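Hi,

Here is the model I said I would pass on. Have a look at it first, and then read my notes below.

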Amino acid sequence: YRVSDLRKFTEYARIIGYKDNKRYKPGKLISFNIPWGWMVEYLLYEKAVLPHGADRKLRDAEYILDDERPLSPLIKEAMEQALYWEIIEFKNGPAAKSVR
């Protein structure tokens with residue numbers, strides 16, 4: 001993820017264990033590990049930022065990930081090619097449940 005996205009979605013940053021270093025520029029990319037089972041109360045809406053020349057169907061796709069949907073082959077392929085993931089929206093608690 002980009003530092004600017006993690007600064008915007010601070011609760012999500014806390015879940016993945018990101019600790020903000022104020023020296024980081026907004027465009028710096030941070031690697032992450034998503035804890036197992038964390039999505040039960042959350043909705044994460046993100047977009048893969050892929051390299052130039054990536055398959056068009058992957059570049060234009062947006063993904064809503066939750067704990068009730070298995071990863072499709074399209075998402076797995078995008079994950080393998082992604083330069084980073086742009087966070088579009090993050091909801092927690094009852095707000096996330098109302099979206100489903």
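A word on the terms to begin with: helices (H or I, at least four residues) and strands (E, at least two) are DSSP runs, numbered from the N terminus. On that basis, the order of elements from the N terminus is α-α-β-α-β-α-β-α, which comes to 5 helices and 3 strands in the chain.

Two housekeeping points. This is a predicted model, so local features need pLDDT of at least 70 and side-chain atom pairs count only at pLDDT 80 or more, while totals for chains, interfaces and linings use all residues. Residues are numbered from 1 along each chain as its sequence is written, and side-chain values use heavy atoms, with hydrogens and water left out.

On confidence: pLDDT is the predictor's confidence in each residue, from 0 to 100. The chain has a mean pLDDT of 77, with 70% of its residues at 70 or more. Helix H1 comes out highest, at 94, and helix H5 (residues 94–99) lowest, at a mean of 50.

Now the inside. I call a residue buried under 20% relative accessible area, exposed over 50%, and partly exposed in between (1.4 Å probe, protein chains only). By that measure 36% of the 100 residues are buried. Contact means heavy atoms within 4.5 Å; among contacts between residues at least 6 apart in sequence, 60% join residues at least 24 apart.

The largest nonpolar core (a set of buried Ala, Val, Leu, Ile, Met, Phe, Trp, Tyr and Cys residues joined through side-chain atoms within 4.5 Å) has 20 residues. Tyr 1, Leu 6, Tyr 12, Tyr 18, Ile 87 and Phe 90 have the most contacts inside it. Two or more residues each come from H1, H2, S1 and S3.

Next, the strands. Two of them pair if DSSP finds at least two bridges between them. S1 and S3 (residues 84–92) run antiparallel and are joined by 8 bridges. Val 49 sits opposite Tyr 84 of S3 in that pairing. Strand S1 (residues 42–49) has 7 of its 8 residues buried, so the rest of the structure largely encloses it. Over in S3 you will find Phe 90, which is buried at 13% relative accessibility. Its C-alpha atom is 4.8 Å from that of Leu 44, although 46 residues separate Phe 90 and Leu 44 along the chain.

After S1, Pro 51 lies in the loop that leads to helix H3 (56–59). Pro 51 is partly exposed, at 28%. The C-alpha atoms of Pro 51 and Gln 81 are 7.4 Å apart in space, with the two residues 30 apart in sequence.

Asp 5 is worth a look too. You will find Asp 5 in helix H1 (residues 3–8), and this acidic side chain is buried, at 6% relative accessible area. What does the side chain of Asp 5 have 3.2 Å from one of its polar atoms? The backbone nitrogen of Ile 87, well inside the cut-off for a polar contact (a pair of N or O atoms within 3.5 Å; within protein, one must be able to donate a hydrogen and the other to accept it, and residues adjacent in sequence count only if both atoms are side-chain atoms). Leaving out residues up to four places away in sequence, Asp 5 touches Trp 85, Glu 86 and Ile 87.

Last, the charged pairs. Side chains of opposite charge can pair when their charged atoms come close. With a salt bridge taken as a side-chain nitrogen of Lys or Arg within 4 Å of a carboxyl oxygen of Asp or Glu, the structure holds 5 of them. Here are some:

- Glu 11 and Arg 14 meet at 3.7 Å, N to O. They are 3 residues apart in helix H2 (residues 10–15), so about one helical turn separates them. Glu 11 is partly exposed at 29%, whereas Arg 14 is exposed at 54%.
- Lys 22 and Asp 20 meet at 3.4 Å, N to O. Lys 22 is exposed, at 71%, and Asp 20 partly exposed, at 32%. Both belong to a salt-bridge network with Arg 7.
- Lys 91 and Glu 89 have their closest N and O atoms 3.2 Å apart. Lys 91 is partly exposed at 26%, and Glu 89 is partly exposed at 29%.

Cheers
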